[in-house]
Amino acid sequence: MKKRLTEAEFQAALSGLDVGHQTVEIARGVLVQGRAQAEFAEALNLSKGAVSQAVNRVWAAHEAQVPPGCERLTVLLPKHQAFIVKKWASEFARKREAKA
């Protein structure tokens, strides 16, 4: 699956993230506009790894966010209960994607 964000999701991921202007522009171009990472590597004379790192930094911040009304938990459960909770999480993620 290709990593993509809306502009609003992108802005939310940036909040509290200390990155430079170039990182923001690279990540916006790839994540919001759908441009190729190789395009930025060539245009800015950067390594592919540097461009990938810029994109991944913003993407990781996006994934770490907790949606309003939700709570992130870390728990130990018996396997049968963990199976049920994982199923709930999967259903929730599917519903969120359908709304987007």
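Is Phe40 buried or exposed, and what is its relative accessible area? In this predicted model, Phe40 is buried, with a relative accessible area of 7%. The residue belongs to helix H3. With neighbours up to four places away in sequence left aside, its contacts are Glu25, Ile26, Gly29, Val30, Arg35, Asn45 and Val51. Lys3 precedes Phe40 by 37 residues along the chain, and the C-alpha atoms of the two are separated by 16 Å.

The protein chain contains five helices and zero strands, and the order of elements from the N terminus is α-α-α-α-α. Its radius of gyration is 17 Å, whereas a compact globule of 100 residues would have a value near 13 Å. Along the principal axes, the C-alpha atoms occupy a box of roughly 50 × 25 × 25 Å. Of the contacts between residues at least 6 apart in sequence, 58% connect residues at least 24 apart.

Buried residues account for 24% of the 100 residues of the protein chain. The accessible surface is about 7,600 Å², and carbon and sulfur atoms contribute 56% of this area. The protein chain carries 15 positive and 10 negative charges, and the mean positions of the two sets lie 8 Å apart.

In soluble globular proteins, nonpolar side chains tend to be buried together. In the present model, the largest nonpolar core comprises 19 residues. Phe10, Leu14, Ile26, Leu31 and Val58 have the most contacts inside this core. Two or more core residues come from each of helix H1 (7-14), helix H2 (21-32), helix H3 (37-44) and helix H4 (48-64). For Ile26, the contacts beyond four places in sequence are Phe40, Leu44, Leu46, Val51, Ala54 and Val55. The pair Ile26 and Phe40 thus appears in the contact list of Ile26 and in that of Phe40. Val51 is likewise listed for Ile26 and for Phe40.

Two further residues, Arg28 and His62, were examined for burial and contacts. Arg28 is located in helix H2. Arg28 counts as buried because its relative accessibility is 17%, the limit for this class being under 20%. Outside the four nearest places in sequence, Arg28 contacts Glu7, Phe10, Gln11 and Gln33. Among these partners is Phe10, one of the residues with the most contacts inside the largest nonpolar core.

His62 is part of helix H4. Its relative accessibility is 19%, and His62 is therefore classed as buried. Beyond four places in sequence, His62 touches Leu5, Glu9 and Ala13.

Asn45 occupies the loop between H3 and H4. Its phi angle is near 55°, a positive value in a residue other than glycine. Asn45 counts as exposed because its relative accessibility is 72%, the class requiring a value over 50%. Asn45 is also one of the contacts of Phe40, a residue that is itself buried.

How values were computed: Residues are numbered from 1 along each chain as its sequence is written. This is a predicted model: local features need pLDDT of at least 70, side-chain atom pairs count only at pLDDT 80 or more; totals for chains, interfaces and linings use all residues. Side-chain values use heavy atoms; hydrogens and water are left out. Helices (H or I, at least four residues) and strands (E, at least two) are DSSP runs, numbered from the N terminus. The radius of gyration is taken over C-alpha atoms; the globule rule is 2.2 Å times the number of residues to the power 0.38. Buried means under 20% relative accessible area, exposed over 50%, partly exposed in between (1.4 Å probe, protein chains only). Contact means heavy atoms within 4.5 Å. Accessible areas come from the Shrake-Rupley method with a 1.4 Å probe; for residues, only the protein chains shown count as cover. Lys and Arg count as positive and Asp and Glu as negative; His and the chain ends are not counted. The place of a charge is taken as NZ of Lys, CZ of Arg, CG of Asp or CD of Glu. A nonpolar core is a set of buried Ala, Val, Leu, Ile, Met, Phe, Trp, Tyr and Cys residues joined through side-chain atoms within 4.5 Å.
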